[in-house]
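Here is a quick tour of one protein chain. Have a look at it first, then read on.

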Amino acid sequence: MNKQSKHDPDAALVRYITGFSWLLLVVFTVGSWFVYSDQFALSVLIGGVLVNVSFFLLKKDIGQLLHKVSEAGMAADAVSRTEKIRFFIKFYARLVVLGLLLILLVAKLPINMIGLSLGLATVMLSVILVVLSRGKIFYSEQSLRSV
C-alpha cells in the first residue's frame, strides 16, 4: 500500500494539500501577528490547528475505510456497509467534538472570530489553490503514463 501511494497522483495531491495547508497556516499566523495583533494571530492559529488536525483524521479514516473494503474481496458489500456506517459515525462525532471545542474556546479565551474563520479556512484554501495549480500537472502525467 505504501509503495502504491507514492506513485498515486491522488495520494500525492493530498500530501501537497496537507503540507500547503500547514504552510499557509504559518504564513497567516505570522502575518497576522505582524500586521494586526497577538489575539488575531492566536485565533488564526487555533482555527488552523483544529481544521488541520480534523483533516488529518478524516484522511486517516478514509484510508482505513478503503483498505478494509479492498481487503474484503467478495464480501465487500457486507463489510462496506458496516465500515461506511462506522465512518459516518466517526465523521459526525468529530464534527460534534470540533463544535464543542470551538464553543469552549470562544467561551474561555478572547477569540477574534474573523481570525478564527481565517484559520478554519486554511484547508479549504489549500484544496482550491493546490488543485488549481498542481492537479492539472498530476492528472496530465497520469494520462501520459496510461498511453
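What follows covers confidence, salt bridges and a surface patch.

## How far to trust it

Keep in mind that this is a predicted model. The chain averages a pLDDT of 82, and 79% of the residues score at least 70. Confidence bottoms out in helix H1 (residues 2–7), with a mean of 48, and peaks in helix H5 (residues 113–120), at 92.

The start of the chain deserves some caution. Over residues 1–5 the pLDDT is below 50, and this stretch has three contacts in the model beyond near neighbours in sequence. Where pLDDT is low, the predicted coordinates should not be read in detail.

## The salt bridges

Side chains of opposite charge can pair when their charged atoms come close. So how many salt bridges turn up when the whole structure is searched? The search finds two, and Asp61, Lys90 and Arg94 are linked in a network of salt bridges.

Take the lysine first. The side chains of Lys90 and Asp61 meet in a salt bridge, at 3.1 Å from N to O. Lys90 lies in helix H4 (residues 76–108) and Asp61 in helix H3 (residues 38–72), so this pair ties together parts that are 29 residues apart in sequence. Now the arginine: Asp61 and Arg94 also meet through their side chains in a salt bridge, with an N to O distance of 2.9 Å. Here too Asp61 is in helix H3 and Arg94 in helix H4, so the pair ties together parts 33 residues apart in sequence.

## Buried or not?

Where does each member of the network sit relative to the surface? Asp61 has a relative accessible area of 6%, so it counts as buried, the cut-off being under 20%. Arg94 is buried as well, at 15% relative accessibility. Lys90, on the other hand, is partly exposed, because its 34% falls between the 20% and 50% limits.

## A nonpolar patch

Which residues make the nonpolar surface patch of about 710 Å²? They are Val26, Val30, Trp33, Phe34, Val35 and Tyr36. Trp33 is found in helix H2 (residues 9–35). With a relative accessible area of 46%, Trp33 is partly exposed. That value also fits its place in the patch, because patch residues need over 30% relative accessible area.

Methods. Residues numbered from 1 in each chain as written. Predicted model: local features only at pLDDT ≥ 70, side-chain atom pairs only at ≥ 80, totals over all residues. Heavy atoms only, no water. Patch = residues over 30% accessible without salt bridge, like charges linked within 9 Å, V, L, I, M, F, W, Y side chains within 5 Å. Areas by Shrake-Rupley, 256 points an atom, 1.4 Å probe, with all protein chains shown as cover. Salt bridge = Lys/Arg side-chain N within 4 Å of Asp/Glu carboxyl O. Helix = DSSP H or I, 4+ residues; strand = E, 2+ residues; numbered from the N terminus. Buried < 20%, exposed > 50% of the residue type's maximum accessible area, 1.4 Å probe, protein only. pLDDT = per-residue confidence, 0-100. Contact = heavy atoms within 4.5 Å.
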